[in-house]
Amino acid sequence: MDDLHINWRGPLSSCNYDCDYCPFAKHVSSREELARDQAELARFVAWCRGGEAAARRLSILFTPWGEALIRPYYAPALVELGIRYSVGVVGLREHFELIEALRARLRPEVYLWINAYKSAGPGYYREGERERLAAIDPLFGLNAVRHETRGHSCAAGRTALFVRGDGGVSRCHFVERPLGNLYELGLAQLLRDEPCPQQTCGCFIGYVQLDRLDLRRRFGAGLAARMLPITP
């Protein structure tokens, strides 16, 4: 059975958090926006149940511009996709002690991933701070840099797709060129093996597909939810 990794994003763009570095907490979704998001999610879940999708091993990551779990219609969708949970934080300096406390409270086998805070530029972390975060997340160093990608082999478009709520498909979040519509074309018409056209990539949901980083082997079946395999 072939694997297919899908990042799905509907029109939801609101959040109940107020992180000052994130623009999505500043928007309040209207009833119309929420109804559209719910309908598009239901359509996607129905697609996942049958047809070509049933013949593939699906890994699905919801990537809304906001917080999905406060919306009750996401919970049944997640249960039907059979997820485990993933835990992650942004590596802000003022949160270091809280991050370490969170690590201490999680079960040892649960991977705590840390996104590097890149908005402040490459000089944000002081001496020793990268090492402090890497002691919690052994893959922090991969997230703290932008990876050269132009011309490099990437699974995005080959075994991974970015699908929007209306069914529009592109190879990943960071390549806008449309490939077609999930509900109108077969996967054979949408999937293609092409090198990355972007100069660099600094986001996990993009660079995780780079073949040279070999992160599919590292994460295994936990790739979509960023979960490292449990070791005995």
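Me: Which residues line the second largest cavity?
Reply: This is a predicted model in which local features need pLDDT of at least 70 and side-chain atom pairs count only at pLDDT 80 or more, while totals for chains, interfaces and linings use all residues. Residues are numbered from 1 along each chain as its sequence is written, and side-chain values use heavy atoms, with hydrogens and water left out. On a 1 Å grid over the protein atoms alone, a cavity is a set of points where a 1.4 Å probe fits but cannot get out, and a lining residue has an atom within 4 Å of a point. The lining of the second largest cavity consists of His-5, Asn-7, Ala-156, Ala-160, Leu-161, Phe-162, Arg-171, Cys-172, His-173, Ile-205 and Gln-209.

Me: Which element supplies the largest share of the lining of the second largest cavity?
Reply: Helices (H or I, at least four residues) and strands (E, at least two) are DSSP runs, numbered from the N terminus. Strand E1 (2-9), strand E6 (160-164) and E7 each supply at least two residues of this lining. The largest share, three residues, comes from E6.

Me: What is the volume of the largest cavity?
Reply: A volume is the space filled by probe spheres set on the grid points, which are joined across faces, edges and corners. The structure holds three cavities of 30 Å³ or more. The second largest has a volume of about 40 Å³, and the largest has a volume of about 120 Å³.

Me: Which residues lie nearest the centre of the largest cavity?
Reply: The largest cavity is lined by 14 residues. Strand E7 (168-172), strand E9 (200-201) and helix H7 (204-207) are the elements that give two or more residues to this lining. Nearest the centre of the largest cavity lie Thr-149, Cys-172, Cys-196, Cys-201 and Gly-206.

Me: Which strands are the edge strands of the open sheet?
Reply: Two strands pair if DSSP finds at least two bridges between them. The open sheet has five strands in the order E2-E1-E6-E7-E8, with mixed pairing. Two of its strands each pair on one side only, and these edge strands are strand E2 (56-62) and strand E8 (175-181).

Me: Which residue in E7 is the bridge partner of Phe-162?
Reply: E6 and E7 pair in the antiparallel sense over two bridges. The bridge partner of Phe-162 in E7 is Ser-170.

Me: What angle does the direction of helix H1 make with that of E1?
Reply: Helix H1 (residues 31-49) packs on the sheet and touches E1 and E2, where contact means heavy atoms within 4.5 Å. Axes are lines fitted to C-alpha atoms, for helices over the stretch in contact, and angles run from 0 to 180 degrees between N-to-C directions. The direction of helix H1 makes with that of E1 an angle of about 175°.

Me: How far apart are the closest N and O atoms of the salt bridge between Glu-40 and Arg-36?
Reply: Side chains of opposite charge can pair when their charged atoms come close. A salt bridge is a side-chain nitrogen of Lys or Arg within 4 Å of a carboxyl oxygen of Asp or Glu. Glu-40 and Arg-36 both lie in helix H1, four residues apart, about one turn of the helix. In their salt bridge, the distance between the closest N and O atoms is 3.0 Å.

Key. On a 1 Å grid over the protein atoms alone, a cavity is a set of points where a 1.4 Å probe fits but cannot get out, and a pocket is an open set with protein on both sides within 12 Å along at least five of seven lines; lining residues have an atom within 4 Å of a point.
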